[in-house]
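The exercises below are meant to be worked through with the sequence and the model side by side. Try each task before reading its solution.

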Amino acid sequence: MEKILNYVNGEFVEPSSGKYIDNYDPAEGKVYSLIPDSDGRDVAAATDGAKLAFKGWSSLAVEKRSAILTHLADLIDRDIEKLSMAESQDSGKPLSLAKSLDIPRAASNIRFYATAAVHFASEAHITDTEAINYTTRSPVGVAGCISPWNLPLYLFTWKIAPALAAGCTVVAKPSELTPMTAYLFSRLCKEAGLPKGVLNVLHGLGPKVGQAIIEHPEITAISFTGGTVTGKKIAATAAPMLKKISLELGGKNPNIVFADCDLELALQTSISSSFTNQGEICLCGSRIFVERSLYDHFVKEFVKRTKALTIGDPLEATTRIGSLVSEAHMKKVLSYIELAKQEGGKLLTGGTRVEVKGRCAGGYFVEPTVVVGLDHLCRTNQEEIFGPVVTIMPFDEEAEVVEYANSTTYGLSATLWTENLKKAHRISAQLKSGIVWVNCWLLRDLRTPFGGMKQSGIGREGGWEAMRFFTETKNVCIKL
Ligand code: NDP
């Protein structure tokens, strides 16, 4: 059985514990590889390597840094078939999605920040005739990057690309549920000529090796994407050490559909924003609010299209819904469907585990599920399910739907459907979300700030925001 290895100081090494954890193919419900069970000793070794590498990497000419990162992006493109297959097998997502979204975006992340390294500039301020100020931005040192399982290589590279581009060295940990593409990526780093110690990748359990990364005194900035509960733990550890933190956390995103929308586009896109990647995307719109005059028609069409989604073997080209990432996660999603029923919700389609025939007979598949008849304040509509489950609710007034949309503790993203531009501006301004998509969903420009309000996080990723996060600012004031 294949053993994944840690990547420490340019070498592929076993964990200090000598122990391994089972890695599952969730579509089959079977163990197919082994993951290092790393701990604080591995973090110490990786951080020593990263510290040693820092001087060379941070002082390397930016063109050279950029060239290595560009080469790395080219290698991801070259290996797209292999990486897509690995991503699908590790996470249960359709191979077609891994190939069209996850892996191309991982290459884009690296390429985008390879160019950002060259274009990153700082300001100068002239203080009348008295003084001139200039601002420098230096890499923070060793950064810790921790990513989740839903978009494994996509989110892993989204953090380490700006860190490396800014001149930091990195100790990174992918989710223990989906380690394979981060491992294959570490092999590509070696091939691309990334100097040893610049990126270190450790595998294992969050509360063990992840926590040790957060606690290590020489890791001065932490970029984390994951659940809100974990984010709070990380903040509690990092705050007394006064570390810089960037937290991208959970969401419970509203999808608001006005009667004056382009209905066909709203329906098509809402199916995607509800069920892409089995609903396991932090940006999925799991609460759909529809203006009452359109409600019955929308619900009927939405349910019809949901029923038509093909669930099955992620490797089949026709599959739209693959398996959930793990048995534990499937049980969590099913328990929320039970909760929805207890709270008085009516299931219009879905609601159960799906038995897929053949190779995937033991896999963790759940039908896409549509629930109506719930109040916006019930637990089903307040807590993140992170699966293929949406609720649909009617509304009458603008002010009412804004209140519904803003009623959760989360504030990551929102989607709005209307052909009325003034209304779009008016509602967007009132939504307490870090991102608002009007008449679209998941349309990304990597230069824009990305992140959430309230319990969806602290700070923003994307564009210069991430480059600034991984750098320390200094102002020099010279009297004229
Ligand atoms: P978790 O919070 O469980 O885990 C995220 C990462 O943190 C994993 O690598 C995990 O390791 C690690 N981890 C767990 N405990 C600790 C700890 N004490 N110290 C350090 N690291 C730790 O999230 P999931 O992986 O379950 O991901 C799903 C969540 O991520 C959802 O809530 C989703 O909304 C959110 N998310 C947010 C996004 C955003 O941009 N805002 C984007 C994508 C997802 P291990 O896997 O081994 O437990």
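**Exercise 1.** Find which residue in S24 is the bridge partner of leucine 247, and then work out how strand S12 is placed between its neighbours.

Solution. In this predicted model, leucine 247 has isoleucine 458 as its bridge partner in S24. Widening the view from that pair, strand S12 and strand S24 (residues 457-458) are joined by two bridges and run antiparallel. Next, turn to strand S11 (residues 219-225), which runs parallel to S12 (residues 244-248) and is joined to it by five bridges. One of the pairs to look for is threonine 225 with glutamate 248, the latter lying in S12. Finally, follow the chain from S11 to S12: the path leads through helix H8 (residues 228-238), and the resulting β-α-β crossover is right-handed.

**Exercise 2.** Determine the strand order of the open sheet of three strands, and explain why S1 and S4 each have one side without a neighbour in the sheet.

Solution. Begin with the order, which is S1-S5-S4, with mixed pairing. Strand S1 (2-3) and S4 are at the edges and have a single partner strand each, so one side of each remains without a neighbour in the sheet. Then examine the pairing of S1 with strand S5 (residues 30-36), where two bridges join the strands and the direction is parallel. Within this pairing, lysine 3 finds its bridge partner in leucine 34 of S5.

**Exercise 3.** Describe how domain 1 and domain 2 meet, beginning with the domain bounds and ending with the residues that lose the most area.

Solution. The division assigns residues 2-249 + 456-479 to domain 1 and residues 254-445 to domain 2. The C-alpha centres of the two domains are 30 Å apart. For the contact itself, 26 residues of domain 1 touch 29 residues of domain 2, and about 2200 Å² is buried between the domains, with carbon and sulfur atoms giving 57% of that area. On the side of domain 1, the residues that lose the most area to domain 2 are Ala27, Trp149 and Ser456, which together make up 24% of what that side buries.

**Exercise 4.** Identify the partner with which glutamate 28 forms a salt bridge, and place this pair among the polar links between the domains.

Solution. Side chains of opposite charge can pair when their charged atoms come close. Glutamate 28 forms its salt bridge with arginine 359, and the closest N and O atoms are 2.7 Å apart. Arginine 359 also meets aspartate 25 in a salt bridge, with an N to O distance of 3.8 Å, which falls inside the 4 Å cut-off. This second pair links distant parts of the chain, since aspartate 25 belongs to strand S4 whereas arginine 359 is in the loop between strand S16 (353-354) and strand S17 (365-366), 334 residues apart. Between domain 1 and domain 2 the count is two salt bridges, while the count by this rule comes to 26 salt bridges. Across the interface, eleven residue pairs are in polar contact. The elements giving two or more residues to the side of domain 1 that touches domain 2 are strand S4 (20-25), helix H3 (80-91) and helix H4 (95-119), and H4 gives the most, with four residues.

Methods
Residues numbered from 1 in each chain as written. Predicted model: local features only at pLDDT ≥ 70, side-chain atom pairs only at ≥ 80, totals over all residues. Heavy atoms only, no water. Pairing = 2+ DSSP bridges. Right-handed = clockwise from strand over helix to strand, strands pointing away. Domains from an automatic or database assignment. Contact = heavy atoms within 4.5 Å. Buried area = accessible area lost by both parts, 1.4 Å probe. Salt bridge = Lys/Arg side-chain N within 4 Å of Asp/Glu carboxyl O. Polar contact = N/O pair within 3.5 Å; in protein donor to acceptor, adjacent residues only side chain to side chain.
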